[in-house]
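User: I'd like to practise reading a model with you, one feature at a time. Could we start with the charged side chains and work outwards?

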Amino acid sequence: MALHDVNGADRYREAASRHAVERDRHAQRSRRLSYARLAVFLAATASVLSTFPGPVSFASLRIGAGMAGFVVFFILVYWHSQVEASERWFATLEQVNTDAAARMNREWSRLTPPAIAGPGPGHPYADDLDIFGHASVFQLLGWVGTEAG
């Protein structure tokens, strides 16, 4: 399929579906890391706690194994936070592309509601020029900046 055979809205929909697949892949990895974190934490805790009621033999080995388990746990925590950030990134990309396809087709009801309320009913020209509100210039243009600034 050549590029000129696909309209802009279809490209946005295809991009949104690619990003949704990536989001789902990261979500699955996040779930697996959650279970791995739990298992490593419980094993490390059990290793450290097993030194207290029992004999002194191999106590340093059990404490060492427990401390190594906690190091692995914190490495998994960091890795998990990176995977969750990637999951949020792909979810945002999916939403941006879904909104762009809806904008191109003027499907206003499918757009994400804006986080900005607008100037309010008493503003001298906002209602007259349809800057904010349903099917407005703001909805047509979409986000013109990032959330961070």
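Analyst: Sure. Keep in mind that this is a predicted model. The structure holds five salt bridges, and we can walk through some of them.

User: How do I recognise one, and which residue does R25 form a salt bridge with?

Analyst: The general idea is a side-chain nitrogen of Lys or Arg within 4 Å of a carboxyl oxygen of Asp or Glu. Here R25 pairs with E22, and their closest N and O atoms are 2.7 Å apart.

User: Why are R25 and E22 separated by about one helical turn?

Analyst: Because they are three residues apart in helix 1.

User: Are these two buried or exposed, or something in between?

Analyst: Buried means under 20% relative accessible area and exposed means over 50%, with partly exposed in between. R25 counts as partly exposed because its relative accessibility is 36%. E22 has a relative accessible area of 25%, so E22 is partly exposed too.

User: What does R23 do with D24?

Analyst: Their side chains meet in a salt bridge, at 2.7 Å from N to O. R23 is partly exposed, with a relative accessible area of 23%, and D24 is partly exposed at 41%. R23 also forms a salt bridge with E94, where the closest N and O atoms are 2.2 Å apart. R23 lies in helix 1 and E94 in helix 2, so this pair ties together parts that are 71 residues apart in sequence. Through shared partners, the salt bridges join R23, D24 and E94 into one network.

User: Let's zoom out. How many helices and strands are there in the protein chain?

Analyst: The protein chain has three helices and zero strands, and its pattern along the sequence is α-α-α.

User: How should I judge a helix's length, say for helix 2, and what span would be expected at 1.5 Å a residue?

Analyst: You compare the distance from first to last C-alpha with the expected span. Helix 2 covers residues 59-104, which is 46 residues, and reaches 67 Å, close to the 68 Å expected. After helix 2 comes R106, with a positive phi near 55°.

User: And where is R110 placed?

Analyst: R110 sits in the loop between helix 2 and helix 3, the latter being residues 137-141. To read a loop residue, look at its neighbours in space as well as in sequence. R110 and T98 are twelve residues apart in sequence, yet 8.5 Å apart from C-alpha to C-alpha. Leaving out residues up to four places away in sequence, R110 touches T98, D99 and A102. The R110 side chain also makes a polar contact with the side chain of E107, at 2.4 Å. R110 counts as partly exposed, because its relative accessibility is 43%.

User: Which residues make the nonpolar surface patch?

Analyst: L38, F41 and L42 make it, and the patch is about 280 Å². L42 is in helix 1, which spans residues 8-49.

User: Last one: what can I read from the totals for the whole chain?

Analyst: Take burial, surface and contacts in turn. Of the 149 residues in the protein chain, 25% are buried. The accessible surface comes to about 10,300 Å², and 64% of that belongs to carbon and sulfur atoms. Among contacts with a separation of 6 or more, 63% come from residues 24 or more positions apart.

Definitions and conventions. Residues numbered from 1 in each chain as written. Predicted model: local features only at pLDDT ≥ 70, side-chain atom pairs only at ≥ 80, totals over all residues. Heavy atoms only, no water. Patch = residues over 30% accessible without salt bridge, like charges linked within 9 Å, V, L, I, M, F, W, Y side chains within 5 Å. Areas by Shrake-Rupley, 256 points an atom, 1.4 Å probe, with all protein chains shown as cover. Helix = DSSP H or I, 4+ residues; strand = E, 2+ residues; numbered from the N terminus. Expected span 1.5 Å × (residues − 1). Buried < 20%, exposed > 50% of the residue type's maximum accessible area, 1.4 Å probe, protein only. Contact = heavy atoms within 4.5 Å. Polar contact = N/O pair within 3.5 Å; in protein donor to acceptor, adjacent residues only side chain to side chain.
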